[in-house]
Amino acid sequence: MPPKKEEKKKDEKKGAEKKDEKKKDEKKADTKDAKAAGGKEDPKAKGKGKGVAKKKVDEPEVERAFKADDEADLLAAPGSKRRARKERYATKLRKFLHEFKNALICTVDFVGSNQMQQIRQALRGKGEILMGKNTVIRKIVREEAQSNPKLLAMLPLISGNIGFCWTNGSLADARKLIQANKVPAAAKVGNYAPEEVIIPAGPTGLDPGQTAFFQALNISTKIARGSIEILNKVVLVKKGERVNSSHVGLLAKLDLRPFSYGIEVIHAYENGSVYKADILDLSQNDLFDKWLRGVRHVAALSLAIGHPTAASIPHSISNAVRKLIAISLEIDYTFPASQAVKDYLANPDAHKKADKEDKEEEEEEEEEEAEAEEEESDGEIGGGMFGDADDEPKEKAEPKKEKAAEKETEKEEEAGEEEEAEAEAEEEADGEEEEEE
């Protein structure tokens, strides 16, 4: 192109840019005049510019189509719209801070609007989900912390793509409802894997021409029945690793959607105390076990340093009683606790027999209870069609009689052994007396 034509085009562009700048300046001046006049429009500016709303007196139904707040937003300037929205959000957050004592701090990465709506429906009547800008949330929390200092514990957690689930009920139940709603999603390049991606062994349905793709990822394959088959299970991506393009390509070919996204609860706020959400998985038994473990540590430490505490006093008393029993065994002095030990040491066989008798009585009671239950069940069922049910109780009673007979023979054998031992003891005593004479 000749240089004159290029210069003309440049001049035309500059002229068009200047005209656009003039129009922008005129619009700004009009908005400033409208604000200075208290929101009233200049009669000269009627009909100028785009987007100017013309009010019609004859059509009142158009005004009813919007709420009062929405209509004010439509007619307000762009800056005032944003401010009104922030003010509404601030009143809502202040209401929740006064109304609810507990909250779940959640991350909402890769969560869509439809999924958020489903979670709101599941929490209806049990809690409220509120999202917003972190700067606005921090400002409101600092203002409300002047009257309620417990809210300051929430400030360090307000960072990233977070939201709140406010509730006065059980935090564990609200967390279960939130985490139950998860949507499967395909892998994307650059995302971090929230869980391991495992490709199972077996046929893939891909043609043999794509074996080079598997070889590049070091996946052993073979050709079977005209398609590629993976020989071994493969961990494609580990938890926390970054997904690259080759991973995404393989998963797309295999038609796999390995990830599932939803709202993740990371922290819990409960009436001024903040803790990790994993603690909500603990049951009352787990908490009781942890408390007992701490009590044991306190007792062991106080016993080691000789400092009495409520946890160590029972152990100190039991240790003192053991020492007193040991002393009483060495001397002639006895007291009720040591008398039982002395009796046991003087005649241990009698105590063993008593223990055996107690065990046998317990076993007999259990057998009688089992027989009574079986009889009740047989009575409920009734007889068989061909008389088989009448023969079953007899068959069941025979092994029981055999067991009772075996127990009686065992008792007789034990009694005979005891008599023999007593006779031998008497003979030994007579022999010792004869030797002394």
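At 32% relative accessibility, Glu143 counts as partly exposed, and in this predicted model the residue forms a salt bridge with Arg94, the closest N and O atoms being 2.3 Å apart. Because Glu143 lies in helix H6 and Arg94 in helix H4, this pair ties together parts of the chain that are 49 residues apart in sequence. Arg94 is likewise assigned to the partly exposed class, its relative accessibility being 26%. A salt bridge also joins Arg94 to Glu144, with a separation of 3.1 Å between the closest N and O atoms; here too distant parts of the chain are linked, Glu144 being placed in helix H6 and Arg94 in helix H4, 50 residues apart. Glu144 is buried, with a relative accessible area of 10%, whereas Glu143 is partly exposed. Together with Lys139, the residues Arg94, Glu143 and Glu144 are linked in a network of salt bridges.

The salt bridges of the model number five. One of them is formed by the side chains of Arg175 and Asp281, with an N to O distance of 2.6 Å. This pair links distant parts of the chain, since Arg175 belongs to helix H7 (residues 171–180) and Asp281 to the loop between strand S12 (273–276) and helix H10 (284–305), 106 residues apart. The two partners fall into opposite classes of accessibility: Arg175 counts as buried at 8%, while Asp281, at 52%, counts as exposed.

In the nonpolar interior, the largest core contains 23 residues, of which Leu93, Phe164 and Trp166 touch the most other members. At least two residues of this core are supplied by each of helix H4 (78–99), strand S1, helix H6 (134–145) and strand S3 (162–167). When neighbours within four places in sequence are left aside, Leu93 is in contact with Leu130, Ile137, Ile140 and Trp166. Another core, of 19 residues, lies apart from the largest one and has Ala187, Ala193, Val237 and Leu251 among its members.

Aromatic pairs in the model also number five. Among them, Phe96 and Phe100 form an edge-to-face pair, with 5.5 Å from centre to centre and 65° between the planes. Both rings of this pair belong to buried residues, the relative accessible area being 6% for Phe96 and 13% for Phe100. The pair formed by Phe110 and Tyr261 is tilted, the centres being 4.8 Å apart and the planes at 40° to each other. Since Phe110 lies in the loop between strand S1 (102–107) and helix H5 (113–122), and Tyr261 in strand S10 (residues 259–261), this pair ties together parts that are 151 residues apart in sequence. Phe110 is partly exposed at 47% relative accessibility, whereas Tyr261 is buried, with a relative accessible area of 10%. With Phe259, the residues Phe110 and Tyr261 form one aromatic cluster.

At the surface, a nonpolar patch of about 420 Å² is made by Leu324, Ile327, Ile331 and Tyr333. Leu324 is located in helix H11 (residues 313–330) and counts as partly exposed, at 47% relative accessibility.

How values were computed
Residues are numbered from 1 along each chain as its sequence is written. This is a predicted model: local features need pLDDT of at least 70, side-chain atom pairs count only at pLDDT 80 or more; totals for chains, interfaces and linings use all residues. Side-chain values use heavy atoms; hydrogens and water are left out. Patches are made of residues with over 30% relative accessible area and no salt bridge: like charges are joined within 9 Å, nonpolar side chains (Val, Leu, Ile, Met, Phe, Trp, Tyr) within 5 Å. Accessible areas come from the Shrake-Rupley method with a 1.4 Å probe; for residues, only the protein chains shown count as cover. A salt bridge is a side-chain nitrogen of Lys or Arg within 4 Å of a carboxyl oxygen of Asp or Glu. Helices (H or I, at least four residues) and strands (E, at least two) are DSSP runs, numbered from the N terminus. Buried means under 20% relative accessible area, exposed over 50%, partly exposed in between (1.4 Å probe, protein chains only). Rings of Phe, Tyr and Trp (its six-membered ring) pair if their centres lie within 6.5 Å; planes under 30 degrees apart count as stacked, over 60 as edge-to-face and the rest as tilted. A nonpolar core is a set of buried Ala, Val, Leu, Ile, Met, Phe, Trp, Tyr and Cys residues joined through side-chain atoms within 4.5 Å. Contact means heavy atoms within 4.5 Å.
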